[in-house]
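Student: Hi, I have a new structure to look at and no idea where to begin. Could you walk me through it?

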Amino acid sequence: MRTFWGYKREDGRVGIRNHVLILPASICASDTTRLIAQGVNGAVTFNLQLGCSQVGVDFELTLDTLAGYGANPNVYGVIVVGLGCETAQADLVRDKILERTTKPVEVLVIQEEGGTLKTIEKAQRLAKKMIGDAALVRREEFPLSELILGTNCGGSDTTSGLAANPTIGKVSDKLVEAGGTSVLCETTEFIGAEHILARRAKTKEVHDKIYQIIKNYEDKIRNDTGLDVRYGNPSPGNIEGGLTTLEEKSLGCIHKGGTSSINNIYDYSKQIKGKEGLVIMDTPGNDASSVGGIIAGGCQLVVFSTGRGTPTGHAIAPVLKITGNSETYAKMSDNIDYDASLVITENKSIEEASEELLDLIVEVCNGKLVQAELLGYTETAIQRASAFV
């Protein structure tokens, strides 16, 4: 029985990183949070393009996601930085975080602190104190049932469906058997394979919602653009990699969910309960926004398959990259953490590859940095009311 070493939080969840997050409430505070984090070892942040000039569902998506980032168990504490006149007021973001968790949260408003330099100075003092407190939290041993594992794919090619995604799917099944949670997402990449997923639904409600979230995406994109979702999916890179139809891409994508029953479906960035087996989060196929949504939902780690290669990462959670393409691994080994191509070239079994990948996942949970972390990749995106593909 595998275990991992993580950080127990006051709300009962377990983190695999111990970050202090300098959280921008809006695009207007984003450069300031970058300058704050650059001056404090142990602080993380990211560039935010939203948080102002938003209304309705569009604003709620952003607010929920920011709250989810702050509440993620990989974060010890949060310093929310706002400008002061944006839609996503800093105290509103703080309150949304505290609806999900009980961790330390501080708020600074640039207009009230007297400008950028004064805000940076005060924020760095607060961050250093918070990082010192975080250092007192010691790793403890936990069962795999405490993990919420996100799965994702990007830059897919034929090897993704043949090797990388089935390997992830086998890991997903093993985590479910151990009592943990695995998250399948990228709703637009279920199209053409939805009937296969629906057959695995635990309840009629989940069965019907699988069809509904796909219909919602297709209708939304058609109504907003006058185009079919297939106009932008598969992408040019997918096609060059040998995928000829969206159905073909979807059949490869859903392998990441293994063979377990599907127990629940979450809206974008909503908090995932944990210890729930296989669940779906309704996200775009767009890499940064789908990864961002499941991390906001509470995933401590994302396993991301790529046939063509991608550097995708995130500030809050490790994004572990796996490829089934030997040429991609040779060309982009500084971006890829696990090479599953031997499933194709050397007849390695999916079972053997999944054991190796699961061992690596445990190492990452224990503190091993993935390539995206070593490179400092923190890009993120948030779903908009006008849907990404």
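Tutor: We can go through the pocket, the cores, the aromatic pairs and some backbone angles in turn, keeping in mind that this is a predicted model.

Student: Okay, pocket first. How much space lies in the largest one?

Tutor: The largest pocket holds about 400 Å³ of space. Its lining is made up of 18 residues, and those closest to the centre are Val-57, Leu-61, Tyr-268, Asp-282 and Gln-383.

Student: Which elements give two or more residues to that lining?

Tutor: Those elements are α2, which spans 56-71, and α8, which spans 204-225. The largest share comes from α8, which supplies six residues.

Student: And how do the lining residues divide into nonpolar, polar and charged?

Tutor: Eight of the lining residues are charged, seven are nonpolar and three are polar.

Student: Switching topic: how many residues are in the largest nonpolar core, and which have the most contacts inside it?

Tutor: The largest nonpolar core has 42 residues, and Leu-21, Leu-23, Val-80 and Val-93 are the ones with the most contacts inside it. Several elements give two or more residues to this core, among them the strands β3 (19-24), β5 (75-82) and β6 (105-109) and the helices α3 (90-100) and α11 (287-296). The element that gives the most is α2, with six residues. As general background, nonpolar side chains tend to be buried together in soluble globular proteins.

Student: What does Leu-21 touch?

Tutor: Leaving aside residues up to four places away in sequence, Leu-21 touches a list of residues that includes Val-44, Phe-46, Tyr-69, Val-75, Ile-79 and Ile-316.

Student: What about a second core, which residues does that include?

Tutor: There is a second, separate core of 29 residues, and Val-14, Phe-142, Ile-168 and Ala-340 are among them.

Student: Now rings. How many aromatic pairs does the structure hold?

Tutor: The structure holds two aromatic pairs. One of them joins Phe-4 and Phe-142, whose rings are 6.1 Å apart centre to centre with 35 degrees between the planes, and this pair is tilted. The pair links distant parts of the chain, with Phe-4 in strand β1 (residues 3-8) and Phe-142 in strand β7 (residues 140-143), 138 residues apart.

Student: Are those two buried or exposed?

Tutor: Phe-4 has 0% relative accessibility, so it counts as buried, and Phe-142, at 8%, counts as buried too.

Student: Why is the pair of Phe-46 and Tyr-69 edge-to-face?

Tutor: The planes of the Phe-46 and Tyr-69 rings are at 85 degrees, with the centres 5.4 Å apart, so the pair is edge-to-face. Phe-46 sits in the loop between β4 (43-44) and α2, while Tyr-69 is in helix α2, 23 residues apart. Both Phe-46 and Tyr-69 are buried.

Student: Last thing, the backbone. What is the phi of Ser-53?

Tutor: Ser-53 has a positive phi of about 60 degrees although it is not a glycine. Ser-53 lies in the loop between β4 and α2, and it is exposed, with a relative accessible area of 71%.

Student: And where is Lys-275, and what is its phi?

Tutor: Lys-275 is in the loop between β10 (262-266) and β11, and its phi is near 50 degrees, again a positive value in a residue other than glycine. With 53% relative accessibility, Lys-275 counts as exposed.

Conventions
Residues are numbered from 1 along each chain as its sequence is written. This is a predicted model: local features need pLDDT of at least 70, side-chain atom pairs count only at pLDDT 80 or more; totals for chains, interfaces and linings use all residues. Side-chain values use heavy atoms; hydrogens and water are left out. On a 1 Å grid over the protein atoms alone, a cavity is a set of points where a 1.4 Å probe fits but cannot get out, and a pocket is an open set with protein on both sides within 12 Å along at least five of seven lines; lining residues have an atom within 4 Å of a point. Grid points are joined across faces, edges and corners, and a volume is the space filled by probe spheres set on the points. Helices (H or I, at least four residues) and strands (E, at least two) are DSSP runs, numbered from the N terminus. Ala, Val, Leu, Ile, Met, Phe, Trp, Tyr, Cys and Pro count as nonpolar, Asp, Glu, Lys and Arg as charged, and the others, Gly among them, as polar. A nonpolar core is a set of buried Ala, Val, Leu, Ile, Met, Phe, Trp, Tyr and Cys residues joined through side-chain atoms within 4.5 Å. Buried means under 20% relative accessible area, exposed over 50%, partly exposed in between (1.4 Å probe, protein chains only). Contact means heavy atoms within 4.5 Å. Rings of Phe, Tyr and Trp (its six-membered ring) pair if their centres lie within 6.5 Å; planes under 30 degrees apart count as stacked, over 60 as edge-to-face and the rest as tilted.
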